[in-house]
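Please look over the structure shown here. The paragraphs after it go from one helix to another and then to the ligand.

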Amino acid sequence: MSRSPGLRKQIILSFSVMALGILLLSIVGTYVFYALASTYLPDSISETWVPSRIELTWILGIIVAAMILAGYVAIRLSRRIITPLNSVAHNLREVAQGNLQARATLDEHAQGETAQLVRDFNTMAERLQSVTREREFWNAAVAHELRTPVTILRGRLQGLAEGVFTPSSEMFIGLLRQVEGLGRLIEDLRVLSLTESGHLELDLAPTNLAQEISVVVHAFASSLQARGFNLQLEVGEQTQVMCDAFRIRQALMALLENALKHAEPGVLRLSAEVSNGICQVSVEDNGPGITPDIAVQVFEAFRRGDPSRSRSSGGSGLGLAVVKAIAEAHGGQAVCRPSDSGGTAFVLRWPIRD
Ligand SMILES: Nc1ncnc2c1ncn2[C@@H]1O[C@H](COP(=O)(O)OP(=O)(O)OP(=O)(O)O)[C@@H](O)[C@H]1O
Ligand SMILES: [Mg+2]
């Protein structure tokens, strides 16, 4: 990027050129004037302090020329400074009144700090607009995700109250599932909003990772088996790590839930190892895998992969956003990459602090 001269430099330069121009005009011009006048019209030169007519015309001419030069310099400077400033001020008022599409125009005369001001203003307006858009999308998505289970609950409870449905334990188990789903949704939203505001606090403690993994695996064993998954557990020797056990379990559960919902039955590898001060937990499935273009956005809240498949599985698209939030709260990261067996590997890694 070519850096244009700063405003201070421009002002100094403009005023110096103007002063020099006026001085040259009066000194050199007067020399020339008297040289010509004394040669061709010697009688026109006044002998007293009162100027002759022609001298008076020359003085007036010089004043007008100096004023034109000063006016030209002032117009050039104001074009560079005042015009972009006016544009920023006008559009700032528009933004303050809620029109987030307002952008200041960067004309070719704007240079240095004023051009930078216009660019910064436009970047700020752009960010403000995208944050607002994101917020609107977020609110609509939350309302949408809450509406479905609440509508189902309401319908079933109304049916029960009016005697349309006969109370049965299956009915209540179904209702309980909906309430559990709602509870999970609310917890996911809570983790994400705490993360966004920087208030997701971890309860870090020395943890036996192998033990935590076995608790999660135990909870999922029967559903994994029922769906035809063959779980392979590979846990390294060193499993004493510093982490928030509850949050790591929560992340691991989201990954296993995803395997249940989105992966094809087959071998499911769950591995954990500590090396070079980094703890790494990964869940690898057999397929169908995630295409690279979708892989970059699966960690964003409310983003689902293949819409047809995800719709049928009924997820909210929050699970991986929570996994990422938990990894980042531990100072680590969550990544998704193709697995060796043609499926997807989700890796959760964080540095272990002693
Ligand atoms: N193991 C996997 N194999 C293939 N696709 C996956 C896998 N895990 C996640 N995905 C894709 O990534 C998307 C985002 O996953 P995420 O866990 O964030 O949401 P979800 O499972 O749809 O909903 P939720 O977890 O909130 O119930 C899923 O919709 C799915 O398309
Ligand atoms: Mg999920």
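Helix H1, residues 7–40, is 34 residues long and spans 48 Å from its first C-alpha to its last. At 1.5 Å a residue the expected value would be 50 Å, so the two are close. Like everything described here, this helix belongs to a predicted model. The number of buried residues among the 34 of H1 is zero, so H1 lies largely in the open.

Helix H6 covers residues 245–262. It has 18 residues, and its C-alpha atoms reach 25 Å from first to last, close to the 26 Å expected at 1.5 Å a residue. The buried residues in H6 include Ile248, Ala251, Leu252, Leu255 and Ala259. Polar and charged side chains are also on that list, among them Arg247, Gln250, Asn258 and His262.

H6 has a neighbour in helix H5, residues 209–226: the two axes come within 10 Å and cross at roughly 25 degrees. Angles under 35 degrees count as roughly parallel, so H5 is roughly parallel to H6. The crossing of the two helices is right-handed.

H6 also takes part in the surroundings of ligand 1. Around ligand 1 there are 21 residues, and the closest are Arg304, Gly305, Gly315, Gly319 and Leu320. Five residues of this shell come from H6, which is the largest share. Helix H9, residues 319–329, likewise supplies at least two residues of the shell. Sorted by class, the shell has nine polar, eight nonpolar and four charged residues.

Methods:
Residues numbered from 1 in each chain as written. Chains lettered and ligands numbered in written order. Predicted model: local features only at pLDDT ≥ 70, side-chain atom pairs only at ≥ 80, totals over all residues. Near = placed C-beta within 6 Å. Helix = DSSP H or I, 4+ residues; strand = E, 2+ residues; numbered from the N terminus. Buried ≥ 20, exposed ≤ 12 C-beta atoms within 10 Å, placed from the backbone. Axes fitted to C-alpha atoms, helices over the stretch in contact; angles between N-to-C directions. Parallel < 35°, antiparallel > 145°, perpendicular 65-115°, else oblique. Left-handed = near helix turned anticlockwise from the far one by under 90°.
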